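Trainee: I would like a close look at how the small molecule is held, with the cut-offs spelled out. Please end with a word on enclosed space.

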Amino acid sequence: MDLVFHSSAMDNSCRKLIFNIYIGFYCSAIILPKMCICSYFSTPSIDQFNKDAGTFPVATNGQPFPWHELRLPTVVTPLHYDLFVHPNLTSLDFVASEKIEVLVRDATQFIILHSTDLEITNATLQSEEDVRYRKPGKKLTVLSYPAHQQIALLVPEKLMADLRYYVTIDFQAKLADGFEGFYKSTYRTLGGETRIIAVTDFEPTQARMAFPCFDEPLFKASFSIKIRRESRHIALSNMPKVKTIELEGGLLEDHFETTVKMSTYLVAYIVCDFNSVSGTSSSGVKVSVYASPDKWSQTHYALEASLKLLDFYENYFDINYPLPKLDLVAIPDFESGAMENWGLITYRETSLLFDPKTSSVSDKLWVTKVVAHELAHQWFGNLVTMEWWNDIWLNEGFATYMELISANATYPELELDNYFLDLCFEVIKRDSLNSSRPISNQAETPTQIREMFDTVSYNKGACILNMLKDFLSEEKFQKGIINYLKKFSYGNAKNDDLWSSLSNSCLEGDFTSGGFCYSDSKTTSNTLAFLEENMEVKEMMTTWTLQKGIPLVVVKQEGRSLRLQQERFLSGIFKEDPEWRALQERYLWHIPLTYSTSSSNAIHRHILKSKTDTLDLPEKTSWVKFNVDSNGYYIVHYEGHGWDQLITQLNQNHTLLRPKDRIGLIHDAFQLVSAGRLTLDKALDLTRYLQHETNIPALLKGLEYLETFYHMMDRRNISDVTENLKPVIDTQSWSDEGSVWDRMLRSVLLKLACYLNHAPCIRKATQLFSQWMESGGKLNIPTDVLKIVYSVGAQTTAGWNYLLKQYELSVSGAEKNKILYALSTSKHEEKLMKLIELGMEGKVIKTQDLAALLHAIARNPEGQQLAWNFVRENWTELLKKFGLGSFPMRMIISGTTAHFSSKDELQEVKLFFEFLKAQGSHLDVFQIVLETISKNIKWLEKNLPTLRTWLLASI
Ligand code: BES
Ligand code: ZN
């Protein structure tokens, strides 16, 4: 059930036919009116014209454009690009040229390429013979069809099948203003001077903004890049520099080594004046971390982490990193968190730089996570790339999964697996709405493609991989991915390729035959069973990748029997609701269940492939707990006395259940409340055991729900609710001491205490803030409480103004984020408005931080309405800054609306989305937001009285 149309032999023959029709058509079409009707010449086959109902698009000059599909034809494929770029950082534009070596697979009279907003000044074509005899190229006619971001090069004579040709294109453009293509970025030096750099960011479809190219992941080619620059700058690209040529007038031209075969979205180059620190990996790769000169001192942690992680990945994948160098660069203006360009990874400053004075423990976790993620892409994504964007999870899900594996191995003290659980919980929120989507999903337009970069691809992808690893065993899983990477190196892959590599992973002692591996211990008659096992992986995983949603496993204990049932888990839609039944139809997963019981804490396994099933236990047990260590992607409901028995056990001796099982129980219980399957009372009852809990991640999970409830109540009627948290809050020191998770707990607890106006907390924070102000911002405050201190300080006008001044001066992104958050918690609307204005202006507060700012203001009860109104009234301005499906735009939409919980608010949001749709803007996030608000409304209607009683009773 692959949803994307792959090109087949059939497609190609049709494409040839289109062209023949086109030639006759082209000559006479000039005099035809705007839409050119193909059937004018012959009856086209359904395959050719089913999309556009028999029409050719019209190019900008009025001529017919010979290609009507969004995807490029496969008749001409690129082999190599020679790319020359000369950016002018004073006039803010660039001139460039390229020579693309192409292979013609079928005779054709045009070449279709991607190109957006590039002014093409000349295009010529040479045959191999022309090149050999140095004959000048033949001029090509260039047609442009901006709606598809394509150009067509019309050749005077037919290109012959199986021959190579060279296309030379001269072009120029302005450096882009936003964050895409080849764009300008600026930073301020400590001395107050503003400097400009030029940088690329191409994924998924923006290489076409920088040079005309075959901008699809399947068209892999090699690249030789030359960059012209002034002597005050340096140039960086994917590969090391081979030489620098001095030109007349003092300009320099850097020539870079030819790359390996790679997709266009991974090409990168930067012209800047940055400094770097370098080291060499065990295998001899030169790793450097670059930042603007004043931030150089913050680069060391990233260098240490990237060297360690590179060593780890080379061993783990059993494949060496193939390039001689790897640069990691902190870019002052960056839309996302980071981008894995091969050999030249670019990062938002806060994802790479670590400042010991202002970066907290959670900042360190973030930097480690992002470095680990982008390094994993050098194999998953760069070496082996998905065939098309519908399977972007093969890149992003794997890189997210590998963060866990690599960071656990290199920085075990970070205990990143606790963080990983939260990744799964985060996507479950989205996946339990009807508006979720399957992991592999059709995506054709650039906006749809960008929308694929979401929690479903990243988090669900990673979580189902983790589940599969648990099912297959760590060893087999690792072997499988090594097979996959080796088999598809420098090529492309799809889901099925991964499943077959994973099920054919031979372990020591196995032997191979015909691409399969067989275990010695298996008799020949078992071979069939073994093949079935191989099928099992694919069959099982398809139910997780092609089907949206998450299953709910309902368990009922009847004596020694366990009755199991699976259904689709929906939050906000209850079993008694009329729509529930229809939403269940045709959903079925192959669920690799694990469980332990009160009488056996061994891990028992069973695959649930049908709607219902029965398990017989060897003996009667008081409780059974499914989903051991929360490794599975499913929610479990215990019918009958199941929950009560677990709650009793937690209260008697919670340590009989594993820490991650305890976290899973808290999570599932509250999920079941949202689905109307468990009362809020019962879920709250379960959390009572937390007073004896010592495992910090479990405590943090409990606190997270508590915090959500306080937010829901808007702190109404809860004046001294911190009373029952007092013992644990008052033991916290205002320091950076302890293990990673001790430090995380401290930040969360003190933040909550100050948020709830706990007097000792406010007192201490106020005192630290005054000392900091008096020291002129020089005093070192413990990094984990810095944000809390600033937030308390921001509540007075003098404090707020001082913080804003420090914000401008600070050279630490980590500190700036903390200050900006603190500023956004002010109770004064005019101050919040000032922040938004500064964010829109993009000088003091950079545009890259606007989405997070609006999100933070919308979380502030005093800013909620302000942020929402602002977004509605300034939609067009915002759209000019960020692309429609981009991450910041989606964050702005959901960040300013998804917390609403009243019918009036729902109506307002609905109206706004309808208005946007009428304008032609359509995003998946609209439906997600509407369903989330409906869910919130329903939750409050049902649970508010219980919540109020509980919160008051707990004082
Ligand atoms: N490949 C992505 C960058 C990207 C994001 C490209 C969105 C196109 C659209 C990169 O590997 C990535 O995933 N970055 C994350 C950070 C990561 C640690 C989760 C990001 O930018 O948020
Ligand atoms: Zn990624």
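**Around ligand 1**

Mentor: Happy to! Start at tyrosine 458, where a polar side-chain atom lies 2.6 Å from an oxygen atom of ligand 1, a polar contact (a pair of N or O atoms within 3.5 Å). Bear in mind that this is a predicted model, in which local features need pLDDT of at least 70 and side-chain atom pairs pLDDT 80 or more, while totals for chains, interfaces and linings use all residues. Residues are numbered from 1 along each chain as its sequence is written, chains are lettered from A and ligands numbered from 1 in the order written, and side-chain values use heavy atoms, without hydrogens or water.

Glutamate 396 offers a side-chain N or O atom 2.8 Å from a nitrogen atom of the ligand. For histidine 377, the partner of its side-chain N or O atom is a ligand oxygen, at 2.9 Å. On its own, ligand 1 has 510 Å² of accessible area, and the protein covers 86% of that (Shrake-Rupley method, 1.4 Å probe).

Strand S21 (338–339) and helix H6 (361–377) are the elements that each give two or more residues to the shell (DSSP runs, at least four residues for a helix and two for a strand). H6 supplies the largest share, 4 residues. In total 14 residues surround ligand 1, and Glu203, Gly337, Glu340, Glu396 and Tyr458 come nearest (a heavy atom within 4 Å counts). By class, the shell has 6 nonpolar, 4 polar and 4 charged residues, with Tyr counted as nonpolar and Gly as polar.

As for enclosed space, there are 10 cavities of 30 Å³ or more. A cavity here is a set of points on a 1 Å grid over the protein atoms alone where a 1.4 Å probe fits but cannot get out, and its lining residues have an atom within 4 Å of a point.

The largest cavity has a volume of about 140 Å³. Among its 19 lining residues, Phe425, Asn627, Ser630, Tyr634 and Asp668 are closest to the centre. Helix H8 (416–431), strand S32 (624–626), strand S33 (635–638) and helix H16 (659–674) each give two or more residues to that lining, which divides into 12 nonpolar, 5 polar and 2 charged.

The second largest cavity holds about 90 Å³. Its lining of 14 residues has Leu70, His114, Arg208, Trp388 and Glu444 nearest the centre, and splits into 5 nonpolar, 4 polar and 5 charged.

Technical notes: On a 1 Å grid over the protein atoms alone, a cavity is a set of points where a 1.4 Å probe fits but cannot get out, and a pocket is an open set with protein on both sides within 12 Å along at least five of seven lines; lining residues have an atom within 4 Å of a point. Grid points are joined across faces, edges and corners, and a volume is the space filled by probe spheres set on the points. A polar contact is a pair of N or O atoms within 3.5 Å; within protein, one must be able to donate a hydrogen and the other to accept it, and residues adjacent in sequence count only if both atoms are side-chain atoms.
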